[in-house]
Amino acid sequence: MSPPLRRIQTSPTLPASADVVVIGGGIIGVFTAYYLAKRGISVALVEKGSIGAEQSSRNWGWCRQQNRDARELPLASKSLDLWEQFAAESGEDAGFHRCGLLYLSNDEAEISRWASWREFAKTAGVTTHMLSGREASERGQATGRAWKGGVFSPSDGTADPGKAAPAVAAALIRLGGSVHQNCAARGIETEGGRVSGVITEAGVIKTRTAVMAGGAWASSFCRQLGIRFPQASIRQSILSVSPVEHRLPDAVVSAGVSATRRNDGRYALAISGRARVDPTGQFLRFASQFVPMFAKRWRNLRPGGLEAIRSGHETLARWRLDAPTPMERMRILDPKPDPVSIKDTHRRAIELLPQLRDAKITHAWAGYIDSTPDGVPGIGEVQGLPGFILAAGFSGHGFGIAPGAGRLIADLASGGEPIVDPIPYRPARFSGSAWGKVADF
Ligand SMILES: Cc1cc2nc3c(=O)[nH]c(=O)nc-3n(C[C@H](O)[C@H](O)[C@H](O)COP(=O)(O)OP(=O)(O)OC[C@H]3O[C@@H](n4cnc5c(N)ncnc54)[C@H](O)[C@@H]3O)c2cc1C
């Protein structure tokens, strides 16, 4: 089942050319195109299904600096300001508000990890409050129990995954950007070794710059171009329950479960890090590069099934450019939620917030989280194919940092001054064996 998502109208008629073509209408693609259009650059965005219908509408909605890896923190901080700026300048509602994120724990090792992160965060100008046992129990009083400690990050917040990507796409269209749903990009044309067009199922758009923001589909697309992009996806299950009368925290996480209030009062519930690994050919192809990542996260991962093979997003097959591709056979990646995980999540949520006992389950869904070996996205022009910019592998963090990431990608695509240092994200780091350490969170 898919979670609620605003649908928008787009045009079936492609432009003959555009300065930049963005492939993929998730939150990364739409923000990239939005910032390009704001600069007066002509941009076309093609989405094989519906805007925001894959990962970008299936997530918790957290927009956080708290516990961010040092490589992503600058992008996370800029993004919080940009979420606010987007609402003010576009008049569109992405559901963003700085409600603060509350972390509660009874595990002293975890609390001391948070305390060390805070010391580092102070050097980056990020405010976060360590909570004593008394303060954590007070802030978390809806849980009705005592906590050893916690963290509250007041400047962090949440946006609404059911609204955000369509809101940005709607603003993009008003700026003159051309947006096309049910339109898969099948491949790239080149002239003299440089991008010269994007081949879609509805025709070619001539361009000198293409941005691949295809989420979990990026690696199989890159493979068609001879580009090796190590990427693996895990399937996380999540549910939402109907609004309750009691005032609960807007966004709270404990070791057991997280709960996030949506704008319509529903609560989205999930278990942090818990996911199924559905093996595929691509998974085996890159398995050795993901050993450190899986070694760090294995406690929460369970073996999955054939779901991902059937979906086709990690296919190793080469496809033709003049016939339907796996992207046209799977317009929206809508994997089955894991019933064991859904039941467990619901039980844990009621244990954490007993008031949720009265709430009905309204939706249960799953999403494939696409990851790189170090848990940091690949953003940048690909060596050997001028004009082809990769923007994928957001590793479970891409929603919150999307405005900043979109700005950075727009900067790279238009030759502007980058909003943050792009070096930590460059895709070339995956070509050797020496990529960075795996992100902690
Ligand atoms: C359960 C879950 C919880 C999460 N929680 C959070 C959170 O709280 N905070 C956070 O920051 N992040 C979170 N994430 C991660 C976040 O959702 C993703 O990192 C982010 O949405 C990635 O955006 P994207 O645009 O790269 O990918 P997607 O949203 O997957 O979009 C990619 C789009 O590209 C399209 N596409 C692919 N190939 C083609 C093609 N060839 N032609 C045309 N279109 C194509 C697809 O149809 C898709 O719509 C979570 C993810 C999940 C699944």
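Q: How is the expected span of a helix worked out?
A: Take 1.5 Å times one less than its number of residues. In this predicted model, helix H4 covers residues 108–123, and its 16 residues should span 22 Å at 1.5 Å a residue. The end C-alpha atoms of H4 are 24 Å apart, which agrees.

Q: Which residues of H4 are buried?
A: Look for those under 20% relative accessible area. In H4 these are Glu110, Ile111, Trp114, Trp117 and Ala121. They cover an arc of only 115° around the axis, so they sit on the same side of H4. Over on the other side, Glu108 and Thr123 are exposed.

Q: What do the buried residues of H4 pack against?
A: Their neighbours are helix H3 (73–90) and three strands: S4 (101–105), S5 (129–131) and S6 (149–153).

Q: What can we look at where H4 starts, and just after H4?
A: At the start, a side-chain oxygen of Asp107 comes within 2.9 Å of the backbone nitrogen of Ala109. Just after H4, check the backbone of Gly125, which has a positive phi of about 75°.

Q: Now a strand: is S19 largely enclosed or exposed?
A: Count its buried residues. S19 runs through residues 361–371, and eight of its eleven residues are buried, so the rest of the structure largely encloses this strand. S19 also pairs with strand S13 (residues 232–241), antiparallel, over ten bridges. For one bridge to find yourself, go to Ser240, whose partner in S19 is His363.

Q: And Ser56, is that residue buried or exposed?
A: Ser56 has 10% relative accessibility, so it counts as buried. You'll find Ser56 in helix H2 (residues 55–58). Leaving out residues up to four places away in sequence, Ser56 touches Gly26, Ile27, Pro161 and Phe399.

Conventions: Residues are numbered from 1 along each chain as its sequence is written. This is a predicted model: local features need pLDDT of at least 70, side-chain atom pairs count only at pLDDT 80 or more; totals for chains, interfaces and linings use all residues. Side-chain values use heavy atoms; hydrogens and water are left out. Helices (H or I, at least four residues) and strands (E, at least two) are DSSP runs, numbered from the N terminus. Buried means under 20% relative accessible area, exposed over 50%, partly exposed in between (1.4 Å probe, protein chains only). Contact means heavy atoms within 4.5 Å. Two strands pair if DSSP finds at least two bridges between them. The arc is that of the directions from the helix axis to the C-beta atoms. A polar contact is a pair of N or O atoms within 3.5 Å; within protein, one must be able to donate a hydrogen and the other to accept it, and residues adjacent in sequence count only if both atoms are side-chain atoms.
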